[in-house]
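Work through the exercises below with the structure in view. Try each task before reading its solution.

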Amino acid sequence: MGTVAPNSMEELKQNGVENPSKELDAGALFVLKSKGSWLHCGYHLTTSIVAPVLLSLPFALGLLGWVGGVICLALAGLVTFYSYNLLSLVLEHHAKLGHRQLRFRDMARDILGPGWGKYFVGPLQLWICFGAVIACTLLGGQSLKASIYLVIWVYMFGNLFRFIYLLVNPNGKMKLYEFIVMFGGVVLVLAQMPSFHSLRHINLVSLLLCLAFSACAAAGSIYIGHSKDAPRRDYSVTGSKKDKVFGTFNAISIIATTYASGIIPEIQATLAPPVQGKMFKGLCVCYSVIAVTYFSVGISGYWAFGNQAQGTLLSNFMGVDKPLLPTWFLVMTNVFTITQVLAVTVLYMQPTNEVFEQKFADPKMEEFSTRNTIPRLILRSLSVVVATFFAAMLPFFGDLMALFGAFGCIPLDFILPMIFYNVTFKPSKRGLIFWANTFIAVASFVLVGIGAVASVRQIVLDAKTYRLFANM
């Protein structure tokens, strides 16, 4: 099979491969490098979960009310923290046995059988991750369009230059797809980051940015709530009985999606061995950020706008006739949001990048050899171009993503971890763990069905507004 490059041999051993000569895998070698610390793991986890989608939490609380909303928000956090820890324990167990699993599909293959990894978990995860890239590109374009002025400071050759680019003005004619293409151009550059581990510094900045835009969102809500322009607040759940039922499940799906990751095994794969206990520390970092951001944004936004909270809190900030906050504050919040979305986009490209490396790279060659660099550059660039094209063509992609999110995020993050744990450790059927895991899996399975129905209903209601390359 040829000679393995020395650095490749060492990295395979670090990744838990006992016999590298028989298990060459360029995806594991070049993308899922096991070099990170638990702190780096915390950065990756935070970026994978805490994203601008949390700005939709006030809207979700508006569909549930104070009591139901806060309970659901807290319960989803506890369940996902427990679920991700179960996944980590299963991964650690297999690592102790000398076979470290680096990907979600590897877990499904080894625990449930080859077909589960190849035909269900693998394709499902890739669709969700690539769909997240498309959705983030769309969101980035929308955030650019919503900005009034974007101020860029560039330090060059020892001089400071100030460039003000006018993105939107009252007579602006730029279309949404133009902003999406601009955002995609930046992603095209960042997509060339070689490995998951190489994103650790970007994801640290992402962590700080999500704290920043969440602080802005909470502060803006409190300011508006105490201002003379404060909207009339109504905390009742409105609509017909049918609307309330669908609204409840829609809100639960939104909250579940905000906690979703879908790439927990790949993140744990970045940890340097031994891995025992490191993932738990990383999750503690991540959920400390979640506790600060989710509850501050959700509660303050719902307090300020009540059941008038829109799909994203930033839309409420724009008001009906005029913005409810100073222009500079809105610009700052949008800049924080746009920049953090870039990090999320690049993070969710990693599973696709890993598959590209596995299929098209040669693990017997150096990572940055011409043989491996050229295919990597072409395939990653093509991936970004395709995602940007779909984001521009389908500005209603969020409705479609909600449907596939119900089929993807909930199974990957709420159902499979429970099944993996029960199959691997075989807890006693007389014990609490077995039945708790079974209950969570069954309840989540029911939620998948109801969430899918609610998503299809929303697509039908919004279908009349659908138009390719629409300027929404």
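The exercises go from the whole chain to single residues and ring pairs.

This is a predicted model, in which local features need pLDDT of at least 70 and side-chain atom pairs count only at pLDDT 80 or more, while totals for chains, interfaces and linings use all residues. Residues are numbered from 1 along each chain as its sequence is written, and side-chain values use heavy atoms, with hydrogens and water left out.

**Exercise 1. The whole chain**

Task: State how many helices and strands the protein chain has, and what percentage of its residues is buried.

Solution. Begin with the elements: helices (H or I, at least four residues) and strands (E, at least two) are DSSP runs, numbered from the N terminus. The protein chain has 17 helices and 2 strands. Next, take burial: a residue is buried under 20% relative accessible area, exposed over 50%, and partly exposed in between (1.4 Å probe, protein chains only). Of the 472 residues in the protein chain, 52% are buried. Last, take contacts, meaning heavy atoms within 4.5 Å. Among contacts with a separation of 6 or more, 80% join residues 24 or more positions apart.

**Exercise 2. The span of a helix**

Task: Check whether the span of helix α9 agrees or disagrees with the expected value.

Solution. The expected span is 1.5 Å times one less than the number of residues. Helix α9 covers residues 241-258, which is 18 residues, so the expected span is 26 Å. The end C-alpha atoms of α9 are 26 Å apart, and the two values agree. As a further step, list the buried residues of α9: G247, A251, S253, I254, I255, A256 and T258.

**Exercise 3. The nonpolar core**

Task: Find which residues have the most contacts inside the largest nonpolar core.

Solution. A nonpolar core is a set of buried Ala, Val, Leu, Ile, Met, Phe, Trp, Tyr and Cys residues joined through side-chain atoms within 4.5 Å. The largest one has 103 residues, and I255, Y294 and F420 have the most contacts inside it. Helix α4 (residues 57-96) gives the largest share of this core, 12 residues. Now follow F420: leaving out residues up to four places away in sequence, F420 touches L87, V90, F104, M107, A108, I111 and L112. Helix α5 spans residues 104-112, and its buried residues are F104, R105, D106, M107, A108 and I111. After α5 comes G113, with a positive phi near 130°.

**Exercise 4. Two buried residues**

Task: Describe the surroundings of G301 and H94.

Solution. G301 lies in helix α11 (residues 278-305). Its relative accessible area is 0%, so G301 is buried. Beyond four places in sequence, G301 touches P58, S221, S296, G306 and L313. From G301 to L314 the C-alpha distance is 9.9 Å, at 13 residues apart in sequence. H94 belongs to helix α4, and with 14% relative accessible area H94 is buried too. Its contacts, neighbours within four places aside, are H99, R100, Q101, I111 and T424.

**Exercise 5. Aromatic pairs**

Task: Classify the ring pairs W116 with F120 and Y421 with F425.

Solution. A pair of aromatic rings is described by the distance of the centres and the angle of the planes. Rings of Phe, Tyr and Trp (its six-membered ring) pair if their centres lie within 6.5 Å; planes under 30 degrees apart are stacked, over 60 edge-to-face, and the rest tilted. By this rule there are 13 aromatic pairs. The W116 and F120 centres are 5.7 Å apart with planes at 90°, so this pair is edge-to-face. W116 and F120 are 4 residues apart in helix α6 (residues 114-146), about one helical turn. The Y421 and F425 centres are 4.8 Å apart with planes at 40°, so this pair is tilted. Y421 and F425 also lie 4 residues apart, in helix α16 (residues 397-425). Y421 is buried at 13% relative accessibility, whereas F425 is partly exposed at 32%.

**Exercise 6. Cysteines**

Task: Determine how many disulfides the structure has.

Solution. A disulfide is a pair of cysteine sulfur atoms within 2.5 Å. The search of the whole structure finds 0. For C129, the nearest cysteine sulfur belongs to C409, 8.8 Å away. C129 is buried, at 1% relative accessibility. For C286, the nearest cysteine sulfur is that of C210, 8.7 Å away, and C286 is buried at 0%.
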